[in-house]
Amino acid sequence: MAGGIAGHSQALIADGFNSMLDVVAGAIALIGYRVAAKPADEDHHYGHANAETVAALIVGLLIIATGTIIVRDAIATIVTAPPNAQRSGPHTSRSESSS
Ligand SMILES: [Zn+2]
């Protein structure tokens, strides 16, 4: 992701968020799996299997939220950037545009 920011590449930044999301989603899934493995107790007579479903729901919402932000930013760039400034890679001398 640092490379994306340094190179002003929205695609690389988006991929960085994807990698971060993978780590967070993995942690949430692991927590859900561990809680789901616990046996039934006083408060949860049918066990804790639903914890895994809740973890899946949270991960799904995170994916949707991240994807929505990436698409929104990409559209905003296309709409607001001048035609000759949409490609603002490291080889252009133009200074950073606001985003
Ligand atoms: Zn319980």
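Trainee: What share of the 99 residues in the protein chain is buried?

Mentor: Buried residues make up 2% of the chain in this predicted model. The bar for that label is 20 or more other C-beta atoms within 10 Å.

Trainee: What makes Ala11 exposed rather than buried?

Mentor: Ala11 is found in helix α2. Ala11 has 11 other C-beta atoms within 10 Å. Exposed means 12 or fewer, so Ala11 is exposed.

Trainee: And Tyr33, why is that residue called exposed?

Mentor: Tyr33 also lies in α2. The count for Tyr33 is 12 other C-beta atoms within 10 Å. The exposed class takes 12 or fewer, therefore Tyr33 is exposed.

Trainee: Why is Phe17 called partly exposed?

Mentor: Phe17 belongs to helix α2. Phe17 has 15 C-beta neighbours inside 10 Å. Exposed stops at 12 and buried starts at 20. A count of 15 falls in between, so Phe17 is partly exposed.

Trainee: How do you know which class fits Ala40?

Mentor: Ala40 sits in the loop between α2 (10-36) and α3 (50-80). There are 11 other C-beta atoms within 10 Å of Ala40. With 12 or fewer as the limit, Ala40 is exposed.

Trainee: Which residues does Ala40 contact, neighbours within four places in sequence aside?

Mentor: His45, Tyr46 and Gly47. Contact here requires C-beta atoms within 7 Å.

Trainee: What is the overall secondary structure of the chain?

Mentor: Three helices and zero strands. The pattern along the sequence is α-α-α.

Trainee: Why are α2 and α3 called roughly antiparallel?

Mentor: Their packing angle is about 170°, and their axes are 8 Å apart. Angles over 145 degrees count as roughly antiparallel. The pair is therefore roughly antiparallel. By class, the contact of α2 with α3 has 20 nonpolar, four polar and two charged residues.

Trainee: Which C-alpha distances link residues apart in sequence?

Mentor: Here are three of them. Ala11 and Ile70 are 59 residues apart in sequence, with 8.9 Å between their C-alpha atoms. Phe17 and Thr66 are 49 residues apart along the chain, and their C-alpha atoms are separated by 7.6 Å. For Tyr33 and His48, 15 residues apart, the C-alpha separation is 9.5 Å.

Trainee: What fraction of contacts joins residues at least 24 apart?

Mentor: The value is 44%, among contacts in the chain between residues at least 6 apart in sequence.

Trainee: Where is confidence lowest, and where is it highest?

Mentor: Helix α1 (residues 2-6) is lowest, with a mean of 69. Helix α3 is highest, at 93. The chain averages a pLDDT of 84, and 78% of the residues score at least 70.

Trainee: Why does low pLDDT matter to a reader of the coordinates?

Mentor: Because predicted coordinates should not be read in detail where pLDDT is low.

How values were computed
Residues numbered from 1 in each chain as written. Predicted model: local features only at pLDDT ≥ 70, side-chain atom pairs only at ≥ 80, totals over all residues. Helix = DSSP H or I, 4+ residues; strand = E, 2+ residues; numbered from the N terminus. Contact = placed C-beta atoms within 7 Å. pLDDT = per-residue confidence, 0-100. Axes fitted to C-alpha atoms, helices over the stretch in contact; angles between N-to-C directions. Parallel < 35°, antiparallel > 145°, perpendicular 65-115°, else oblique. Nonpolar A, V, L, I, M, F, W, Y, C, P; charged D, E, K, R; others polar.
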